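Student: I have a structure here and want to know what stands behind the terms used to describe it. Can we go through them one at a time?

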Amino acid sequence: MLLIDIDACIGCGLCEANCAFDAIHVVDGIAEVNENCVLCGGCVDSCEAGALKIEGMDREEKDDLFSWTGIWVYAEYRHGRIAPVTHELLGVGRKLADQKRVPLSAVLLTDHAGDVPAQLISSGADKVYVVEDQALAQFTDEAYGNALEDLARQYKPEVILAGATAIGRSFIPRVATSLKTGLTADCTQLDIQPEDGALLQTRPAFGGNIMATIASSNTRPQMATVRPLVMKANAPDPARQGKIIHCTIAPARLASRVKVRNFVALEGDQVNLNEADIVVSGGRGLEGEKGFALITELAHQLDGAVAASRAAVDSGWVPYPHQVGQTGKTVSPKVYIACGISGAIQHLVGMQSSDTIVAINRDPHAPIFDVATYGVVGDVFEILPKLIEKIKQARSS
Amino acid sequence: MKIIVCVKQVPDAKDVRLDPKTNTLSREGVQSIINPYDRHALEEAVRLKEKHGGTVIVLTMGPPQAAEILRESVSCGADEAVLVSDRAFAGADTLATTYTLSQAIKKIGGADLILCGKQAIDGDTAQVGPGLAVRMDIPYVTCVRRIVEANDQTFVVERLMDDGYDEVEVALPALFTVVKEINEPRLPSLKGKMKAKKLAITTLTAADIDADTAQLGLKGSPTWVVRVFAPQLKGDRTMIEGTVQEQVNQLAEKLLEWC
């Protein structure tokens, strides 16, 4: 709990001004905390009189913190393809590593490495740790988690980054729990704190309504998953030199109690929603499967991915993997085009961090216009066919 | 089959707003709800019980008022409810939470199957499910979208991936986190509501679950919040006006520039 030293408190109100939760107020010249307090510690840092303290906040550091060094990136490689977020992680990892003057390494877990290590080096890695084993042919949390955990114990990186993908979000928590260390999910910004070199991990919370910066620098490694499309990848440099280190993991550690029997790919040649630069999204305003076909067509013309609001998914016009919002995916493409979507908060939390938002809606008061960069008030059935035609023409000429 | 469903009480997202003037989270009129994903976990547990027999226990860690969502869960088909509540748990991050939940589950004799929602809508971390399975030393599958086959020993389920889905087989005991595609949760029944009203909720404290206090709450949490701030606001919105054709022309020009 938050402890207030009423003798030290001067009632200046700095704590009140710095509290993001409306949890501390100066009453009769003394700070008073209420039940909104989440123990974030923001007021403790702001208090110039040293009157605030959070019980249990005096952290003990692990004694061997300094034996952990270097930045690691988990290189996601599945079905013969490096996930694009891997290159983005190497981009941000390169910056962090240069700032700390430590090496940047990639970790590749696969049954067949091929030229992937070379590609990782050209994207910025100084070293690539490769575990090549038949047991890694299919992704399983246990085999992948144990392998990464064992490598981390042996080589002691200070930071491990992974993509906030289906795979990263599934097995990285396993590694963090086994190593009894901190993990921050879905980061959108990473910085090094100049004073002590700690990794500062910034992420949206409450569906993007607030941002929180998290630290976990009293334990090692400091772990984070990072949202796809947020960080910038470096242009590949085939001339870059790096070291490839082949590692072996004990067979028992690569055994999995979960067996993958079969894989079914997404139907059609759809662009992966989490990796798309352009997302075209449709909602209730499309009125049916036929109307929704306009979304698919426009996405196709723009080489973008198809998304949908919950209303469109629940009506059966498009399958669940396309749903964006609170109970679907969170996306942050360069351009998000919302068509016939009113913009309930449950939808907005899944897309409001997109760089540019275009909203097309009949209702000029629809909340989607509140987050839009460009708004078009109009009928989707009039606008979309003309827009598709226009783009088609322009692209063919 | 003994099934434990982990549920979390969360603020309803539609009520959570940052007051732009004061830069604080406005909590006025914020309703607490069962985390939406957890409803699907509960529904799946109740369906499994209806088909295979067994017991469904709902479990939550939270303040005393979190008992509300346990009652609601019972009105939707759960049999028993356990509230894990102690001031010592305050400030727990996901690592401390999984420790606390695992101790509580051990205390109530474990389970054949543990079901969780994919993630909670307040933190969105998706870390508690996997972390809890590691603490319990049982296998887990995240983002389960369908249970294909189930019996007392083995489950075959589909897990949602970014490029499609994997069909996987796992022996019990196990833990799954579920996505909303798995089912359509039922509404509370009248009988369920009566049962929920009379329900005696088991409350477990830190002492009850034989917890090592160093691993609880803030003390047991390796992560901490350095700073909370408002997201950067977007620039001004531009409305594209004119006739339909004029609107289309302007929009197409911008789109072609970006693509």
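Student: What is the strand order in the open sheet of six strands?

Tutor: The order is β19(A)-β18(A)-β20(A)-β21(A)-β22(A)-β15(B), with parallel pairing. Strands here are DSSP runs of E with at least two residues, helices are runs of H or I with at least four, and both are numbered from the N terminus. This is a predicted model, in which local features need pLDDT of at least 70 and side-chain atom pairs count only at pLDDT 80 or more, while totals for chains, interfaces and linings use all residues. Residues are numbered from 1 along each chain as its sequence is written, and chains are lettered from A and ligands numbered from 1 in the order in which they are written.

Student: What makes β19 of chain A and β15 of chain B edge strands?

Tutor: Each pairs on one side only. β19 covers 305-308 of chain A, and β15 covers 238-239 of chain B.

Student: How do you know that β20 and β21 of chain A pair?

Tutor: Two strands pair if DSSP finds at least two bridges between them. Five bridges join β20(A), residues 335-339, to β21(A), residues 356-361, so the two strands pair. They run parallel, and I337(A) has V358(A) as its bridge partner in β21(A).

Student: Which strands does helix α7 of chain A lie across?

Tutor: α7(A), residues 289-301, lies across β18 (278-282), β19 and β20 of chain A. The helix runs at about 175 degrees to β18(A); axes are lines fitted to C-alpha atoms, for helices over the stretch in contact, and angles run from 0 to 180 degrees between N-to-C directions. Contact requires C-beta atoms, placed from the backbone, within 7 Å.

Student: Why is E287(A), in the loop between β18 and α7 of chain A, called partly exposed?

Tutor: A residue is buried if 20 or more other C-beta atoms lie within 10 Å of its own, exposed if 12 or fewer, and partly exposed in between, with C-beta atoms placed from the backbone. E287(A) has 16 such atoms, so it is partly exposed. Its phi is near 65 degrees, a positive value in a residue other than glycine. Most residues other than glycine have a negative phi.

Student: What about K156(A), where is it and what is its phi?

Tutor: K156(A) is in the loop between α5 (141-155) and β10 (159-163) of chain A, with phi near 50 degrees. Its count is 15 other C-beta atoms within 10 Å, so K156(A) is partly exposed.

Student: Why is helix α6 of chain A called mostly covered?

Tutor: Twelve of the 13 residues in α6(A), residues 166-178, are buried. Among them are F171(A), I172(A) and V175(A). After the helix comes K180(A), with a positive phi near 50 degrees.

Student: What makes a group of residues a nonpolar core?

Tutor: It is a set of buried Ala, Val, Leu, Ile, Met, Phe, Trp, Tyr and Cys residues joined through C-beta atoms within 7 Å. The largest has 136 residues, and those with the most contacts inside it include V107(A), L108(A) and V5(B). Apart from it lies another core of 51 residues, among them L348(A) and A359(A).

Student: Which peptide bond precedes P221(A), cis or trans?

Tutor: A cis bond joins R220(A) and P221(A), with omega about -10 degrees. P221(A) sits in the loop between β14 (210-215) and β15 (222-226) of chain A.

Notes: Contact = placed C-beta atoms within 7 Å.
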